[in-house]
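Welcome, and please open your viewer. Load the structure shown here, choose a cartoon display, and follow along one stop at a time.

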Amino acid sequence: MTNLQGSWVAMPTPFTEDDKIDYQGFDTLIQRQIKYGTSQLFVLGSAGEVTLLTQEEKQDIVREVIKMTKGKIPVFFSASAMTTDQSVEFAKFCEKEGADGVIFTVPPYVLIPQTAAYIHLNTCMSAVDIPCGIYNNPSRLGVQIMPETIKKLSDNHSNFVVDKEAMPSVEQLVQVQRLCGDKIKIMCCDYPKYSIVIPTLAVGGTGTANIGGNIIPEEAASYSRPWTNMEIVEDCRRDYFKWFPLLQKLYDFSNPIVIKAALNILGLPGGHLRKPYQAYGGNRLAELETMMGEMGVIDKYGMK
């Protein structure tokens, strides 16, 4: 469960028409990921509209998703919160319910220095025994977790197993890999404007923490494999370059706006977006559907 590699898909949260959590839809999406070779799932991240869920909804999602996935596919849940105490409380809840792991971030908006970031993450990791990781996303959170901080956390915590990177810095990837070695698995986002998928795998990262796998799960699983031989390297380049235009389209707006639109095009339970998000429509939606049709995504994955 701690050997994180390959495609780690960040799941959206499907809603019913009356704005409840669509657990049948959740199960449909999860079983699809298992079918097409996804290695692990990430739930309650930004793609899951986590800031628009109540605490009770988040707890219910943890309980129900664990029932759907236990023994079938590893699932990590985000324990990000506005305060250290809230992060610790939710992480402990996830551990008690049987989660495979949790992910921590620095709290958003507070713009803390590295010393405070270390204390926050150190406190969170000390609170649980299950595998845990960090999500390093300064564009959303305002603070970069520096490689030296990651190294210090790695030295202190045997349960710290993965660094989920989302920033346009190959130096960050190199330094984390150089300082932490194989102890910390580096997995990166698939945001095309950063384009760090190939650099991550090249420096020794083990896969991608992606949203593209929601739409093309089998393809994402293929180009997210760790580079253990030249055949995999060549396959990765070919497949990643092929699907790069679709990834660009899926990131047309912040997650999960386009992801849910693409799932709905396929007849899958993406559901609606909670306000203040606006639905993806008009010419952009038509262009997305055309691209998915021309690239064979609808023929392969469409349920209609």
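The tour below goes from the whole chain to the barrel, then to the pockets and a few backbone details.

**Stop 1: the whole chain**

Keep in mind that you are looking at a predicted model. Show the entire chain and colour it by secondary structure: there are 13 helices and 8 strands. Turn the C-alpha trace about its principal axes, along which it spans about 50 × 45 × 35 Å. How does the radius of gyration of the chain agree with that of a compact globule? For 304 residues such a globule would have a value near 19 Å, and the chain, with 18 Å, agrees with this.

**Stop 2: the barrel**

Next, hide the helices and keep the strands. The 8 strands close into a barrel with parallel pairing, and the order to trace is E1-E2-E3-E4-E5-E6-E7-E8. As you step from one strand to the next, the twist averages 25°. In general, strands of a sheet pair through backbone hydrogen bonds, either parallel or antiparallel.

Now select residues 6-10, which form strand E1, together with E8; these two strands pair in the parallel sense over 4 bridges. Zoom in on Gly6 and you will find Gly207 of E8 standing opposite.

**Stop 3: helices on the sheet**

Bring two helices back. Start with H2, which packs on the sheet and touches strand E2 (40-43) and strand E3 (75-78). The direction of H2 makes about 170° with that of E3. Then select residues 170-180, which are helix H7. Which strands does H7 touch as it packs on the sheet? They are E5 (132-136), E6 (160-165) and E7 (185-188), and the direction of H7 makes about 170° with that of E6.

**Stop 4: the largest pocket**

Switch on a surface and select Val50, Thr51, Ser80, Pro108 and Leu141. Of the 25 residues lining the largest pocket, these lie nearest its centre. The volume of this pocket is about 690 Å³. Helices H2 (55-69), H3 (84-97) and H5 (138-141) each supply at least two residues of the lining, and H3 gives the largest share, 3 residues. Colour the lining by class and you should count 12 nonpolar, 9 polar and 4 charged residues.

**Stop 5: the second largest pocket**

Move on to the second largest pocket, which holds about 330 Å³ of space. Its lining has 22 residues, and those closest to the centre are Tyr135, Asn137, Arg140, Tyr251 and Asn255. Two elements give two or more residues to this lining: H5 and strand E8 (207-210). By class, the lining of the second largest pocket has 12 nonpolar, 7 polar and 3 charged residues.

**Stop 6: backbone details**

Stay with Asn255 and switch to a stick display. The peptide bond from Asn255 to Pro256 is cis, with omega near 0°. Pro256 sits in the loop between helix H10 (230-250) and helix H11 (257-265).

Where is Pro276? Look in the loop between H11 and helix H12 (282-294). A cis peptide bond joins Pro276 to Lys275, with omega about 20°.

Finish at Leu44, in the loop between E2 and H2. Its phi is near 75°, a positive value in a residue other than glycine. For context, most residues other than glycine have a negative phi, and most peptide bonds are trans.

Conventions. Residues are numbered from 1 along each chain as its sequence is written. This is a predicted model: local features need pLDDT of at least 70, side-chain atom pairs count only at pLDDT 80 or more; totals for chains, interfaces and linings use all residues. Side-chain values use heavy atoms; hydrogens and water are left out. On a 1 Å grid over the protein atoms alone, a cavity is a set of points where a 1.4 Å probe fits but cannot get out, and a pocket is an open set with protein on both sides within 12 Å along at least five of seven lines; lining residues have an atom within 4 Å of a point. Grid points are joined across faces, edges and corners, and a volume is the space filled by probe spheres set on the points. Ala, Val, Leu, Ile, Met, Phe, Trp, Tyr, Cys and Pro count as nonpolar, Asp, Glu, Lys and Arg as charged, and the others, Gly among them, as polar. Two strands pair if DSSP finds at least two bridges between them. Axes are lines fitted to C-alpha atoms, for helices over the stretch in contact, and angles run from 0 to 180 degrees between N-to-C directions. Contact means heavy atoms within 4.5 Å. The radius of gyration is taken over C-alpha atoms; the globule rule is 2.2 Å times the number of residues to the power 0.38.
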